[in-house]
Amino acid sequence: MAALRVLTVNPGSSSVKFSLVEADDTVRARVELSTGGADREAERVLASVARLPRPDAVGIRFVHGGRDYTRPVVIDDEVAERLHELADLAPLHQPLSLYALGEIHRAFPDVPTVACFDTAFHATLPEAAATYALPAEWRERYGLRRYGFHGLSHAYAARRAAELLGADLSDLRMVVCHLGAGASLAAVAGGRSVDTTMGFTPLDGLVMATRAGAIDPGIPLWLLAHGVPAEELRDAFEHRSGLRALAGTGDMRTLRSRAAAHDEQAVSALAVYHHRLRGQAAAMTAALGGLDALVFTGGVGEHAPETRRRLAADLAYLGARLDPERNDAARGDSVISPPDAAVAAVVVTAREDLEIAAGVRSALIRQVQ
């Protein structure tokens with residue numbers, strides 16, 4: 001059962017990535033397509049997937065598993081119905097995953113399909129970290145708690161970082177920084193998530209490309225009371241906030257270029273971004289009781305040396321230190337700290353496809369046991 005060829009499906013906010021992962025974790029084929037849900041886009045996705053060699057199983061990334069799903073699960077009619085019910089908790093991503101599920105069923109109707117959840121890695125959060133100080137009846141009825149996200153990325157990055165450092169994962173305290181258009185931090189102790197910056201939905205935490213991150217909950221209440229419709233709030237919080245609201249763009253490369261040219265909006269936006277990143281990274285180290293490794297992944301984490309440099313400098317009081325040449329030259333999986341640094345720093349290429357493939361195999365094994 002473990003020797004399966006798995007097609008992994010990773011829907012993002014504007015694209016969907018497919019990887020055909022062989023039993024030995026080599027990737028035989030990759031496809032990335034924009035997808036807007038229009039008929040012609042659906043036909044393109046279906047045609048592209050159908051051209052791939054037939055997989056033995058399919059794994060689809062779902063951002064939110066709610067209270068129901070804390071590990072990968074084979075999708076049947078009951079599971080599919082529940083996934084639709086959870087869509088409003090992650091409206092930027094969950095509908096795209098459901099759309100991909102429909103296309104996969106059309107392309108490979110007899111192939112088992114597994115849902116792999118970004119929230120699952122954070123199911124190990126201690127109750128103190130996961131619990132909101134809200135009325136008990138709300139917490140019980142609506143499942144209000146900190147779920148955390150980017151779990152597939154955090155899990156893989158933590159494990160791969162330990163390999164790069166030649167260390168035992170169970171011995172390490174890490175802050176894993178998944179930095180991209182969406183961004184979150186995870187405090188990982190012994191390979192388990194013990195705290196994270198995102199909460200009940202992916203809106204919480206760091207300043208992101210189009211999301212504000214943590215804000216005073218009184219702000220949306222005040223805006224609602226002053227006549228701003230709930231749908232306008234949702235749209236603004238998902239699509240019109242964050243770096244885009246501060247400087248007109250959520251693209252980090254553009255912001256860095258503008259800041260270098262002394263664009264005041266870009267300089268200010270980056271100051272806000274790094275202030276939040278510094279503070280929440282420090283909070284993660286407090287949850288760990290110390291820090292052994294700082295791990296960077298995601299589009300910004302992998303490709304923005306200046307972002308890595310600034311965070312390491314902000315955490316220098318804990319012993320974080322980069323090798324400037326290694327940091328600037330990092331391409332792919334790399335150790336970017338000097339050998340004598342008290343806190344190691346590592347760049348890990350995001351490989352959610354491998355984490356999804358592993359989740360598919362484990363779910364199918366459990367199904368036959």
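These legends accompany close-up views of a predicted model.

Local features here need pLDDT of at least 70 and side-chain atom pairs count only at pLDDT 80 or more, while totals for chains, interfaces and linings use all residues. Residues are numbered from 1 along each chain as its sequence is written, and side-chain values use heavy atoms, with hydrogens and water left out.

**View 1. The two sides of helix 2, residues 77-85.** Let us start with burial (buried: under 20% relative accessible area; exposed: over 50%; partly exposed: in between; 1.4 Å probe, protein chains only). Val79, Ala80 and Leu83 are the buried residues to look for in helix 2. Viewed down the helix axis, the buried residues fall within an arc of 100°, so they line one face of the helix; the arc is that of the directions from the helix axis to the C-beta atoms. On the other side, Asp77, Glu78 and Glu81 are exposed. Helices are DSSP runs (H or I, at least four residues), numbered from the N terminus.

**View 2. A negative surface patch that includes Glu78.** Asp76, Asp77, Glu78 and Glu81 make up this patch. Glu78 has a relative accessible area of 63%. Patch members have over 30% relative accessible area and no salt bridge, with like charges joined within 9 Å and nonpolar side chains (Val, Leu, Ile, Met, Phe, Trp, Tyr) within 5 Å. Asp and Glu count as negative, Lys and Arg as positive, and His and the chain ends are not counted. A charge is placed at NZ of Lys, CZ of Arg, CG of Asp or CD of Glu.

**View 3. A nonpolar patch on the surface.** Here you can find Leu134, Trp138 and Tyr142, which together have about 320 Å² of accessible area (Shrake-Rupley method, 1.4 Å probe; for residues, only the protein chains shown count as cover). Tyr142 belongs to helix 5, residues 136-142.

**View 4. Salt bridges within helices 2 and 8.** A salt bridge is a side-chain nitrogen of Lys or Arg within 4 Å of a carboxyl oxygen of Asp or Glu, and the structure holds 22 of them. In helix 2, Glu85 pairs with Arg82, their closest N and O atoms being 2.9 Å apart. Glu85 is partly exposed at 45% relative accessibility, and Arg82 is partly exposed at 26%. In helix 8 (residues 230-239), Arg234 and Glu231 lie 3 residues apart, about one turn of the helix; their closest N and O atoms are 3.9 Å apart.

**View 5. A salt bridge between Arg351 and Asp353.** The side chains meet at 2.9 Å, N to O. Arg351 and Asp353 are both buried.
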